[in-house]
Amino acid sequence: MNRTESEPSRHLWHPVATVAEVNGTLNTMLMGDAVTVRVAGDHSGIVVFHGDRKLPVIVRFGFIWTSLGSPPSDLFEIPEAAEADRRNVSAGPVGVATSAPRAIENFLDMAHFPFVHTDILGAEPHTEVKDYDVELKETENEILATRCRFFQPMAALSAAGGMEVDYVYRVPHPFCAVLYKSSGADARRMDVIAIFAQPTSEESIRAHLFLSMIDTTHTDSEMRRFQQLIFGQDKPILENQRPRRLPLDPRSETPIRADLSSIVYRRWLSSRNIGYGVIPAAGQSGSAVHG
Amino acid sequence: MAELSGWFPVAASHDLPLRHVFQAKLFDREMAIWRADDGNVNVWENRCLHRGVRLSIGVNEGLELKCQYHGWRYANKTAGCIYIPAHPANAPARQITNRTYPAVERFGLVWTTLEKDLSFDVVWPDGDWSVLRAIPVHAGPDAVAAALCKVLGAVPRPDIHAFAYALSTLCEAPVLALLQPQDSGKTVIRCLLSGGAQMERRLAVQANATLTRFRNIVEADASLEPVESEPVFEPVASELAEPPAASPDAMTVRVERKWQVAEGITGLTVVPTTGNLPAFQPGAHIDVTLPTGVKRQYSITDGPGTWKSWTIAVKNEPNSRGGSRFIAETLRQGDLLSVSEPRNNFPLRRDAAETLLIAGGIGVTPLLAMARALAAVRSGFRLHVFARSETHVPLADQLDGLLPAVTLHLALDPAQVAQRLAEVIGPHAPGRQIYACGPGGMTQSVLAIAEELGWPEEAVHFENFNNDHVIDTSSAFAVDLARSALSIDVPAGQSLLSVLRAHGVELPSACERGACGTCRAEVIEGTPDHQDAYLSRGERASNRHIITCVSRSRTPRLVLDL
């Protein structure tokens, strides 16, 4: 069941909680295993247990990350979050009955805005997805989609009205994605929104959302509520996708030009032998065999 | 779970109220069942081919089912995808077709089968029967069948159906029960009560109460653990993994009706000889091959979701080369014609705030289909028809159905036409789009006037019936085919298309006069000598495409993506 040591995603860092969320002890699931997060009252000591075993921990963006295997020495960065005037807010977690890769692919998708986020992130008849560029950055081992543009009636809380919004998407981790979009408050800068999917099982996640915004008018809870409204619209779609695991065989579904980032994402998962939360392509039966 | 052959009920007729989509399951396969406004019942795989979202959460738009995720539209009956909003200016590849199951509505139930080519063979006992409320039971079909016999004294009726049972203990009237196996842990009991319209409500309540008690008994015995059952999804056709090329498939249709639809214009309604007609997009045409051997393109005039017949209109050209004259004079009702599957070189964007449809005479045919598609989704449009007189307006009776969005402009001289065009076109605003179809001179006027009024080229779409250019075939040049790794010389006097074909390169074509765009190829290197009437000025200037039936090369060598 892809829970073997040879599964590459077992050796990645995964988010399990925000620091603020843990009031003493939090029991949660990671890839089918129960883990316990303990945070000391002053947030000084953070430990994660898998049974009796103490797991490695990194704290970043206000989230606690851990791994059941042997993770790399570091985790990806979002440098913008360090800018002094940014508002860094977490939203979620939201439990979703889907695989982590389906959630990431939805996060990279613009074509659904008019139909799922009607009158907020999109509205008919502005349905066109203009051609954009996607590259796989070999050195960073991450996907970058640029020149993405979409007409949005209300791109963010800080947006005054409809505008064509520029997007940049990064996929720095198989189960995490970061988007940069034109800020409603300052046209020269970009807001940052990230999704960190905690795979509780192959077909269920806790979606942790992270916002790093340029916004001087709204409260944290207003920003959080806006993001939860958006994600709440995605949740029923994600839970009605079949199969729940992301099929990596090119012949399992029908891509169009607008799906370029998803095509690259699926190939990238295949090339990294990710076998968790996916249905491997024929002739590639996941890492359990390759390992 | 093990599948049984044969037909099974998957819904009751009363589960399909107006514009609803019903979710059902049979042998692990989920189905989206919906009734179109024309009464047709669709039983489809419950999964949009694009990204796997259940179609049962989609929107029944009457003659199309719209996926909730990306708004893809699938046509009634054929399940062909006819619109992809993310690429509004492109016609979707015609082969994107959702999976369907056979559907038969009989005895108040909707039936389907997982088998292909199995005719409906369930014979119901005589008399009137009323469908009772369906009872889902959390137990496998074999367990439910055994309990029906043991607890309720049911008698199997294999003469009716492998899963049919006669019940005399539910109420005072005889009841027939049918089992619908959903998966190995879930079964739906569908009961029919003898008595038809005169059935007493009291009996239905009695039967329902007995069945509910029965369900509680069965479920108390059965394991309520969820059953691990993952349906198998067939892979999509390999060509769907990439954008597919057009297929040259032909089919036979029968002329059901032939009549005069205007002065000098013949209307034809054609029906399939077997099965149904495939899905088409507004603006699409079919190639009609006449017994004389000539092939002509005619636009489909019908509205969305039409699958029983197509209506086309043919203008009787005085200097006909054997196409229109044959249709006007020789072709009779009942004759067979060979037609291609619908092709669309004139795709309609459905994201316009206001669509202006401008027709000259017979050019109304593709615009009529567009107007109907826009009217069906209540999108704003105006249809302007220019004609010599009222009797020259094709399919005038069908235009009546689109009033008040239709305006006729009759008996105008060329100067008046130009003036009227300027009035109806008006200034450009974002979201305004023009579709023009008619004689070459008229579409040229529309283009020129729109340009004068500041319309961007990409907002003006046109289709020509003819290429008025005199084709110059005096040049000779070489072509390299990048994908086929072939180098071919094209001598003077021969078309690029014919030389390609002589070397075994199959390219679909239709008019072969540079008007329809079917034989278009992509240019990687070199400068084409454009002689067609299909490409827009911007497309010509970009030199990225060539219409291979008439165009040649200005450079000694052309590299094509073929």
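The following conversation goes through the contact between two chains of a predicted model, then some salt bridges, two helices and two single residues.

Me: How many residues does each chain put into the contact between chain B and chain A?
Reply: Chain B contributes 33 residues, and chain A contributes 33 residues.

Me: And what area do they bury between them?
Reply: Chain B and chain A bury about 3,000 Å² between them, and 50% of that lies on carbon and sulfur atoms. On the side of chain B, the residues B:Arg51, B:Tyr69 and B:His87 supply 24% of the area buried against chain A, more than any other three residues.

Me: Why give an area for an interface?
Reply: The size of an interface is often expressed as the accessible area lost when the parts come together.

Me: How many salt bridges and polar contacts are there between chain B and chain A?
Reply: There are six salt bridges between the two chains. In addition, 19 residue pairs are in polar contact, counting pairs with both residues at pLDDT 80 or more. By class, the side of chain B that touches chain A has 17 nonpolar, eight polar and eight charged residues.

Me: Back to B:Arg51. Which residues does it form salt bridges with?
Reply: One partner is A:Glu105, with the closest N and O atoms 3.2 Å apart. Another is A:Asp259, where the closest N and O atoms are 3.8 Å apart. B:Arg51 lies in the loop between strands E4 (41–45) and E5 (59–60) of chain B, whereas A:Asp259 lies in the loop between strand E15 (246–247) and helix H4 (260–271) of chain A, so this pair joins two chains.

Me: Are B:Arg51 and A:Asp259 buried or exposed?
Reply: Both B:Arg51 and A:Asp259 are buried. Salt bridges with shared partners also link A:Arg102, A:Glu105, A:Glu253, A:Asp259, A:Arg266, B:Arg47 and B:Arg51 into one network.

Me: How many salt bridges are found in the whole structure?
Reply: Over all chains, the search finds 44 salt bridges. One of them joins A:Glu83 and A:Arg86, with the closest N and O atoms 3.0 Å apart. A:Glu83 is partly exposed, at a relative accessible area of 33%, while A:Arg86 is buried, at 9%. Another joins the side chains of B:Asp532 and B:Arg540, at 3.8 Å from N to O. B:Asp532 is buried, with a relative accessible area of 0%.

Me: New topic: helix H4 of chain B. What span does it reach?
Reply: Helix H4 of chain B, residues 364–376, has 13 residues. The helix reaches 18 Å from its first C-alpha to its last, close to the 18 Å expected at 1.5 Å a residue.

Me: How many residues of H4(B) are buried?
Reply: In H4(B), 10 of the 13 residues are buried, so the helix is largely enclosed by the rest of the structure. Among the buried residues are B:Val364, B:Pro366, B:Leu368 and B:Met370. H4(B) is followed by B:Arg378, whose phi is positive, near 55°.

Me: What about H4(A)? What span should it have?
Reply: At 1.5 Å a residue, the 12 residues of H4(A) should span 16 Å, and the end C-alpha atoms are 17 Å apart, which agrees. Its buried residues include A:Val264, A:Tyr265, A:Trp268 and A:Leu269. The cover over the buried residues of H4(A) includes helix H1 (100–107) and strand E10 (142–152) of chain A. H4(A) is followed by A:Asn273, which has a positive phi, near 60°.

Me: Now B:Asn76. Where is it?
Reply: B:Asn76 lies in the loop between strands E7 (73–75) and E8 (81–83) of chain B. This residue is buried, with a relative accessible area of 1%. Leaving out residues up to four places away in sequence, B:Asn76 touches several others, including B:Trp34, B:Leu63 and B:Trp307. The side chains of B:Asn76 and B:Asn40 are joined by a polar contact of 2.8 Å.

Me: Last one: where is A:Thr36, and what does its side chain contact?
Reply: A:Thr36 is found in strand E3 (residues 33–39) of chain A. The side chain of A:Thr36 makes a polar contact with the side chain of A:Asn27, at 3.0 Å.

Me: Why does A:Thr36 count as buried?
Reply: A:Thr36 has a relative accessibility of 17%, and buried means under 20%.

Definitions and conventions:
Residues numbered from 1 in each chain as written. Chains lettered and ligands numbered in written order. Predicted model: local features only at pLDDT ≥ 70, side-chain atom pairs only at ≥ 80, totals over all residues. Heavy atoms only, no water. Contact = heavy atoms within 4.5 Å. Buried area = accessible area lost by both parts, 1.4 Å probe. Salt bridge = Lys/Arg side-chain N within 4 Å of Asp/Glu carboxyl O. Polar contact = N/O pair within 3.5 Å; in protein donor to acceptor, adjacent residues only side chain to side chain. Nonpolar A, V, L, I, M, F, W, Y, C, P; charged D, E, K, R; others polar. Helix = DSSP H or I, 4+ residues; strand = E, 2+ residues; numbered from the N terminus. Expected span 1.5 Å × (residues − 1). Buried < 20%, exposed > 50% of the residue type's maximum accessible area, 1.4 Å probe, protein only.
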